[in-house]
Amino acid sequence: MTYQPKSEFLGVMIERGYLADCTDYEGLDHALSSGTVPAYIGYDATARSLHVGHLLNIMMLRWLQKTGHRPLTLMGGGTTKVGDPSFRADERPLLTAAQIGENIAGMKGVFAKYLSYGEGETDARMLDNSEWLDGLNYLEFLRDIGRHFSVNRMLSFESVKSRLDREQSLSFLEFNYMILQAYDFLELRQRHGCLLQMGGSDQWGNIVNGVDLTRRVADEQVFGLTSPLLTTSDGRKMGKSQGGAIWLNSDMLSPYEFWQFWRNTTDADVGRFAKLYTELPVEECDRLGALGGSEINAAKIILANEVTALCHGRAAAETAEATAREVFERGGTGDDLPTLALDRSEIAGGISIVQLIVRAGLAKSGKDAKRLIAEGGAKLDDAPLVDAGLVLDESALARPVKLSAGRKRHALVTLSP
């Protein structure tokens, strides 16, 4: 990236590695240097919690606010009813209005940890596109908005083209999604003065559509900016672990497990992730990333503490570090480990160790649990597990039992009184 920005926000985006592409660098830079810029990112309500895959863009909104601009968090109460087809192999399951409402309620709490909401000039606003999408008149929408879209151009966008090239079905419902997202940008411009839409690089086509529609309908210039789609240095999709998605809500993933995810970062990713997911100075991020040998482990602990403190609070980060130290250095059980609480009725006649490993979230299936045991990766109270047929009864669970998968993933199993 050779462009030298004048605005602080664009400078941060470039220096810390957030920027993949922009519709007009100079135009956006001028707008950011001239006053407060409202900018939005949209979040469809497909689950009760956001996950680590969303965290990079949440950090972009946080930096936007820290550099004197207004973040708009747009909840997709309307667009979730359609489902974004971008780079998907199949259609998303359709959710009911009640499910969408529950998911939005679960997602809202995360944003308040990263952004300051209110009515001030740079205070964040939380909006929902169902406000303008739910009441659309179909014929009027086709006449006033649909006429501005070229099907030929829409088919050329990579997010759609990749689906069609694989001869995978793309429903008319999904095909409408990009029109609705473009319409969101137009509405946000007219209702809230929004000048910028941000998103992952998989949203480039949708964002460009919104920029173009706003120019055509309102004769106004708006801008689009995308972040790179991250993979770890070993090629894995960012935000996935052996146990599944890394959720940001503590009721879906404990702060300890969240901390462990970052503590287990690959050596080569430490510096890059510190720039993207913490507010440590860039020089410090570079220093941490350059460490080697045993020192890189200390850098990973700093990374885990900083990211966890933003998401769950400094106290939760300190507790997670203390638990990890107790578990790994002193062989203790750790009171803050993920816990599977069993009712006595569940273990009448005993419960298999394979079932416990799966229910504790240390394996995805019984087959995976058996493979873990066969390969010597499972432990019971720090002793190697060798018998996949082991059954634990009530007396064996009279005290908390510690299960381990490898050296870094652990859980407690307890029996309810």
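**Entry 1. Aromatic pairs**

I count two rings of Phe, Tyr or Trp as a pair if their centres lie within 6.5 Å, and I call the pair edge-to-face when the planes are over 60 degrees apart. By this rule I obtain eight aromatic pairs in what is a predicted model.

I looked up Phe141 and Tyr183 as one of these pairs. Their centres are 5.2 Å apart and their planes stand at 85°, an edge-to-face arrangement. The pair joins distant parts of the chain, with Phe141 in helix H6 and Tyr183 in helix H10, 42 residues apart. I noted both Phe141 and Tyr183 as buried.

I then turned to Trp262 and Phe273. The ring centres are 6.2 Å apart and the planes are at 80°, so I entered this pair as edge-to-face too. It links distant parts of the chain: Trp262 belongs to helix H12 and Phe273 to helix H13 (residues 270-277), eleven residues apart. Trp262 is buried, as is Phe273.

Which residues form one aromatic cluster? I listed Phe258, Phe261, Trp262, Phe273 and Tyr277.

**Entry 2. Helix H12**

I next examined how well helix H12 is covered. The helix spans residues 255-263, and eight of its nine residues are buried, so I recorded H12 as mostly covered, taking under 20% relative accessible area as buried. The buried residues are Pro255, Tyr256, Phe258, Trp259, Gln260, Phe261, Trp262 and Arg263.

Arg263 in helix H12 called for a separate note. I found Arg263 buried yet without a salt bridge. The nearest side chain of opposite charge is that of Asp267, 7.0 Å away. A salt bridge requires a nitrogen and a carboxyl oxygen within 4 Å, so the 7.0 Å to Asp267 does not qualify. Leaving out residues up to four places away in sequence, I found Arg263 touching Asn297, Lys300, Ile301 and Ala304.

**Entry 3. Salt bridges**

I kept one general point in mind: side chains of opposite charge can pair when their charged atoms come close. The structure contains 19 salt bridges, and I looked up several of them.

The bridge between Arg143 and Asp144 has its closest N and O atoms 2.9 Å apart. I asked how the two residues are placed with respect to the surface. Arg143 is exposed at 53% relative accessible area, while Asp144 is partly exposed at 35%.

Glu220 and Arg189 meet in a salt bridge with an N to O distance of 2.6 Å. This pair connects distant parts of the chain, 31 residues apart: Glu220 sits in the loop between helix H11 (204-218) and strand E6 (223-227), and Arg189 in helix H10 (residues 177-192). I recorded Glu220 as partly exposed, with a relative accessible area of 31%.

Asp212 and Arg216 are bridged at 2.8 Å, N to O. Both residues lie in helix H11, four residues apart, about one turn of the helix. Is Asp212 buried or exposed? Asp212 is buried, at 15% relative accessibility. Its partner Arg216 is partly exposed, at 45%.

I also noted a network of salt bridges that links Arg62, Lys66 and Glu279.

**Entry 4. The loop between H11 and E6**

I returned to this loop for its backbone. Asp219 lies in the loop between H11 and E6. Its phi is near 55°, a positive value in a residue other than glycine. I entered Asp219 as exposed, at 67% relative accessibility. Glu220, the partner of Arg189 in a salt bridge, is in this loop as well.

**Entry 5. A nonpolar surface patch**

Finally I looked for nonpolar side chains at the surface. Tyr138, Leu139, Leu142 and Phe172 make a nonpolar patch of about 470 Å². Which helix gives the largest share of the patch? Helix H6 (residues 138-144) does, with three residues. Phe172 is found in helix H9 (residues 172-175). I noted Phe172 as exposed because its relative accessibility of 58% exceeds the 50% cut-off. Helix H6 also carries Phe141, whose ring pairs with Tyr183 and which I had already recorded as buried.

How values were computed
Residues numbered from 1 in each chain as written. Predicted model: local features only at pLDDT ≥ 70, side-chain atom pairs only at ≥ 80, totals over all residues. Heavy atoms only, no water. Buried < 20%, exposed > 50% of the residue type's maximum accessible area, 1.4 Å probe, protein only. Helix = DSSP H or I, 4+ residues; strand = E, 2+ residues; numbered from the N terminus. Lys, Arg positive; Asp, Glu negative; His and termini not counted. Contact = heavy atoms within 4.5 Å. Patch = residues over 30% accessible without salt bridge, like charges linked within 9 Å, V, L, I, M, F, W, Y side chains within 5 Å. Areas by Shrake-Rupley, 256 points an atom, 1.4 Å probe, with all protein chains shown as cover. Phe/Tyr/Trp six-rings, centres within 6.5 Å; stacked < 30°, edge-to-face > 60°.
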